[in-house]
Amino acid sequence: MKHKLATRSDSELMLEKSFGVERRETPEFTGYVTRVDIHKAKRQAVMRHEEHAWLIIDDHYKWIQFFPEHSASTVTLMMDDRDRIVIRYIDICLAHGIDPDTGIPWYDDLYLDIVVTPEGTVYPAGRGRVGRSTKRRQNHARAARFCLAGSETHYTGDLAGNQPVSDRIMIKAENSAQFFFSLKD
């Protein structure tokens, strides 16, 4: 487990970036939404899973992260330089909250993460910390199913069914990256 900040201050690949956060209360979503604009990347970063690869860090990419209330996850939309969703990244967390001094969202990452493509295909995230052993992969899948079977589906959509992850906040985010969060460029 690692305590992380929504500012992505631990990312050495984001050379120049801006960060913003705001609280939202709508019928579809209650919680915090953050946005990291990557103005200049040190180099491109690619996330891989088996034969698939997604470019997730490059100049002018954006990461919009949702911190829903009463949830054991966060959802990050990783977007390219044309505001198209590259992937949705779901972090299963021990907890998340807001630092009372800075107002910055944080989360305790359990490294039991899920990648969802724009087409709705679901993959376990391929981080080394999750491990390569069969037992760890089975535990990862069980934990993901457990979290998503409960209240998580309210925020992330139906991951197990035939529908892509888009029934609540995601479909609005796909229609406009600015739906929940807008910053002056």
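How many Å² does the accessible surface of the protein chain come to, and what percentage of this surface belongs to carbon and sulfur atoms? In the predicted model examined here, the accessible surface amounts to about 9,800 Å², and carbon and sulfur atoms account for 48% of that area. Of the 185 residues in the protein chain, 47% are buried.

The secondary structure consists of 3 helices and 10 strands. Read from the N terminus, the order of the elements is β-β-β-β-β-β-β-β-β-β-α-α-α, with the strands preceding the helices. Among contacts between residues at least 6 apart in sequence, 50% join residues at least 24 apart.

Confidence was then considered along the chain. The mean pLDDT of the protein chain is 75, and 68% of the residues score at least 70. Among the elements, strand β3 (residues 30-41) has the highest mean pLDDT, 95, whereas helix α3 (residues 169-175) has the lowest, 37. Two stretches have a pLDDT below 50, namely residues 128-134 and residues 145-185. Beyond near neighbours in sequence, the model places 9 contacts for residues 128-134. For residues 145-185, the model has 75 contacts beyond four places in sequence.

The nonpolar interior was examined next. In soluble globular proteins, nonpolar side chains tend to be buried together. In the present model, the largest nonpolar core comprises 19 residues. The residues with the most contacts inside this core are Ile-38, Trp-54, Ile-56, Ile-57, Trp-63, Ile-87 and Val-115. At least two residues of the core are supplied by each of the strands β3, β4 (45-49), β5 (52-57), β6 (61-68) and β8 (85-98). Within this setting, and leaving aside residues up to four places away in sequence, Ile-56 is in contact with Ala-45, Met-47, Tyr-61, Trp-63, Met-78 and Ile-87. A second core, separate from the largest one, contains 12 residues; among them are Met-79, Ile-90, Ile-114 and Val-116.

Nonpolar side chains also contribute to the surface. Met-1, Leu-94 and Leu-110 together form a nonpolar surface patch of about 310 Å². Of these residues, Leu-110 lies in strand β9 (residues 105-116). Leu-110 has a relative accessibility of 31% and is therefore classed as partly exposed. This value also exceeds the 30% relative accessible area that patch residues must have.

Note on methods. Residues are numbered from 1 along each chain as its sequence is written. This is a predicted model: local features need pLDDT of at least 70, side-chain atom pairs count only at pLDDT 80 or more; totals for chains, interfaces and linings use all residues. Side-chain values use heavy atoms; hydrogens and water are left out. pLDDT is the predictor's confidence in each residue, from 0 to 100. Helices (H or I, at least four residues) and strands (E, at least two) are DSSP runs, numbered from the N terminus. Contact means heavy atoms within 4.5 Å. Buried means under 20% relative accessible area, exposed over 50%, partly exposed in between (1.4 Å probe, protein chains only). Accessible areas come from the Shrake-Rupley method with a 1.4 Å probe; for residues, only the protein chains shown count as cover. A nonpolar core is a set of buried Ala, Val, Leu, Ile, Met, Phe, Trp, Tyr and Cys residues joined through side-chain atoms within 4.5 Å. Patches are made of residues with over 30% relative accessible area and no salt bridge: like charges are joined within 9 Å, nonpolar side chains (Val, Leu, Ile, Met, Phe, Trp, Tyr) within 5 Å. A salt bridge is a side-chain nitrogen of Lys or Arg within 4 Å of a carboxyl oxygen of Asp or Glu.
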